[in-house]
Amino acid sequence: MDYRLFGRSVLGIRLLCVAMPLIGMMASAQTVSEPALKAAFLYNFAKFVEWPPEIFAGASDSMVLCTYENNAVGDALKEIVKGRTINGRRLAVLEIRNIAASKACQMLFVGAAAGRNEDSILTAIGNGSILVVGETRGFAQRGGAINFVLQDDRLRFVINLGATDRARLKLSSKLLSLAILTSN
Amino acid sequence: MASTCLLFLRGSGSVCLALGLCIPNIVRSQPASDTDLGNKSLEQLMNIEITSVLRKEEKLSRTPAAVYVITQKDIQRSGATTIPDLLRMAPGVQVAQVDANRWAISVRGFNDIYSNKLLVLIDGRTVYTPGFSGVFWDQIDVPLDTIERIEVVRGPGGSVWGANAVNGVINIITKSAADTQGERVTVGAGSEQTADDEFLYGGKAGRHGYYRVFGHYISFGDLPTQQGVNGGDGWRLGHEGMRADWNLSPSDSVTVEAGAFESWQGQTVLMASPGGIPAHVGDFGGDFMASWNHRLANGSETTLQVYNNTYSRTDTGMREAENTVDVDFQDHLNRESRQDIVWGVGYRSTYDSLTNSAGAAMAGISNNALGYAIYFQPPQRTFNLFSVFIQDEISLAKSLSLTVGSKFEHNAFTGFEGEPSARLAWLLDNSQTLWIAASRAVRQPSRVDSDVDVNFGPMPLGNGSNIGAQLLGNPNLQSETMDDYEAGYRIILGKRLSADLTAFYSFYHNLEGNSLMSPYLSAQAEAPLFVIPLVFENRIGAEDYGAEAALNWNISGRWKLRGTYSWLKMNFHPYASAQSNAAALATLSGMLGGSMGLGSFSDLLVSISNFNQSATANGGAAPENQAGLRSYFDLTRTISFDNSIYYVGALPLQYVPSYTRLDSRLSWKARKSVEASVVGQNLLSPHHLEFGNVDQVMGTEVTRAVFGKVIWSF
């Protein structure tokens, strides 16, 4: 091996050391993690969706927002709903592990980790009045009601009008105006 | 899953899918303030940028290789309209526009329009030309809005990618058809680029599939030569293509891509007369690729990919037809143990037909006018490449992992080749990674190195006899090899700043050069004809060392800076055993009787001796210093103002001075469905030279230009 290698490597390392102090300055501003942002969206979805009245047994029943296979979103959602109500209903967050438990939910967020189970979840829910929100590509096309998509590092959502119709959910015009619409 | 990225796992890119967000957005997540988010309206939420570190982003920052990712956002905001111009963004990459339709692009030196140590892929499909193992950039069209990201790996990638991934790998990864649904019409025009028109339609293909089809037309006007004369180098290209993606089951996906293009490039050929004569390149071709990916929940993955590239090109007196068929299989075993193994096998068959006369006539020039004639012996040839590779990533400790692997290939020119590498990554903490690597890569000879036969002249010697030269390929060439040592450091500083630093030292062996042989008297010519043969030989060694830095600084939600710097030194030394061309030339002069008008011919010989080797002959043809700074600024929610400035050092051996270029872009998203933008290119000077003449085709200068574009999405 050429002995010069060592000399040049040392030079290279010295260059790194010169460059490092340049990176001293830092700026700070509010940043938001993806799970927290998704949770905030979910809370907003609940505000702008009207469920068929018969699914709540009583006027004081809590609204149940469920998450499946994404605890980070569930944890963030728990923080957000603390002390908040929608139409006078208190909000409960439930992390479900078994899809049969989704019967208690008004909203179900299906995490990407559900993977191959997504389709069976959608089949299991069928036409139930549950707002099903997913985060994998093509979730709305496969029958989900709302699908998070990332555009330019910002969060957007696709609404599948076919699915919300079948679930007998009424969506506010405001929600629809902000969404990317599809019908499957 | 292990830190699998481009360099370590081949395939159409599904594994790396989320890496596009990687480097430019490496900022730590901030779990606080979740409750505040509940007070924000949906509109406000939609304007918040996600700055979390996804697991896959972290993976890239921990990859023990020099990787730079050009994202779709970078592409949009650069205002660039061609892939070569996009590559200016990456550190360590040399991009020089030679004329309106040709570029010299390389990584870490050896730059030429025939750069032959770089591997370029589109969705895992190799697009280099088997004829000389370089890339015809004027044949590579990918509509820029369908690109998801471009991964640029500096340094050797031979242990996975095989021969020709010597000093870099560029992988252009296109968007899934699911991400380009709907209709999109783009109309662009400008002072130098006269058209950039695209129609794209994306729809559903069955219940679980998507497709897109597109048509793309680009056209460029002529550029001026250094003397201010029209270079006659305008360029037009039309390209139709499609991509479809199906999720056959939750664990199986299939991707199919196909395309066809036709292109016409003007040029001025110098050899025959000082002013040059107008000619053109004509080419057309197509490609097809299908891949099947089977993925298990535990992260194991199997991929099978087949592709076919075919094209025909008529260029400076030669007609070239190429057809490549390639099959690759790859298996990634993820056993949730300390070892993560990827292995694969591949087969590639290339058929070519390289003929001279008919093609030259088609390009509007005869061999006599050109002053030289190119032949290949044999004119048609089929060659096969077999390869296997295996790579193992071993977790030595919680923060230390070692990746070892090698590719083994059998090629038609040099037989068996091995390309081992070892890489060690040390995660100092969550925000810092230190890595070192040692690798060997080879560049196998290509068809031109082995089989070319170029006849120059004859020119009269003044005593009734003539002199000519003959450049001969050498079937006994060995592969060029490179032993490379790299070290890198990445750091994420706070929430908005990240830096990536790399240093490398490479030793090249057996580089090719042309050797002058003893002249002989041709038996076939009517008048006495002395022929001076030149033969390709492995006759040069080189050292190549340097450093590269990339810095991302997101100053605020609306202002982002991207900086790069590259430093490169190259030393060449012909082997002592190699014949000195200068000495041979002197001997020759003596033999022929020095007084006999050899002067202009010896100049020609020097020029011939650079044929196909100009990168080596020109000291690597890469600037010692390069720097770039890009600024993305959102003036309002709908208006953005972006600037890119690049400094490129001089190329003294080609008489190209240093230059600084500035591109500015103003864009306005008028409505959800309409975006208009205007770009000023090369704003700092009326025109500048980026490269010299190559292989007797006149180079031209890049001019100041303006370009406007409107995009409608439905």
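Strands, as the word is used here, are DSSP runs of E of at least two residues, numbered from the N terminus. With that in mind, the reader can follow this predicted model through a surface patch and a sheet in chain B, and then a disulfide in chain A.

In chain B, strands β13 (277-295), β14 (301-315) and β15 (318-334) each contribute at least two residues to a nonpolar patch. That patch covers about 740 Å² of the surface and is made by B:L248, B:F288, B:W292, B:L304, B:V306, B:V325, B:V327, B:Y347 and B:F386. One of these residues, B:V327, lies in strand β15 of chain B, and because its relative accessibility is 31%, B:V327 counts as partly exposed.

Elsewhere in chain B, five strands build an open sheet of mixed pairing, in the order β1-β6-β7-β4-β5. Strands β1 (66-71) and β5 (125-126) of chain B are at its edges and have a single partner strand each, so each keeps one side without a neighbour in the sheet. Within this sheet, β4 (residues 118-122) runs parallel to β7 (residues 168-174) of chain B, and five bridges join the two; B:L121 stands opposite B:N171 in β7(B).

Over all chains, the count of disulfides comes to one, formed by A:C66 and A:C105 with their sulfur atoms 2.0 Å apart. This pair links distant parts of the chain, 39 residues apart, since A:C66 sits in strand β2 (residues 63-68) of chain A and A:C105 in the loop between β4 (89-96) and β5 (107-110) of chain A. The torsion about the S-S bond is about -95°, so the disulfide is left-handed. A:C66 counts as buried at 2% relative accessibility, and A:C105 is buried with a relative accessible area of 3%.

Terms used
Residues are numbered from 1 along each chain as its sequence is written. Chains are lettered from A and ligands numbered from 1 in the order in which they are written. This is a predicted model: local features need pLDDT of at least 70, side-chain atom pairs count only at pLDDT 80 or more; totals for chains, interfaces and linings use all residues. Side-chain values use heavy atoms; hydrogens and water are left out. Two strands pair if DSSP finds at least two bridges between them. Helices (H or I, at least four residues) and strands (E, at least two) are DSSP runs, numbered from the N terminus. Patches are made of residues with over 30% relative accessible area and no salt bridge: like charges are joined within 9 Å, nonpolar side chains (Val, Leu, Ile, Met, Phe, Trp, Tyr) within 5 Å. Accessible areas come from the Shrake-Rupley method with a 1.4 Å probe; for residues, only the protein chains shown count as cover. A salt bridge is a side-chain nitrogen of Lys or Arg within 4 Å of a carboxyl oxygen of Asp or Glu. Buried means under 20% relative accessible area, exposed over 50%, partly exposed in between (1.4 Å probe, protein chains only). A disulfide is a pair of cysteine sulfur atoms within 2.5 Å.
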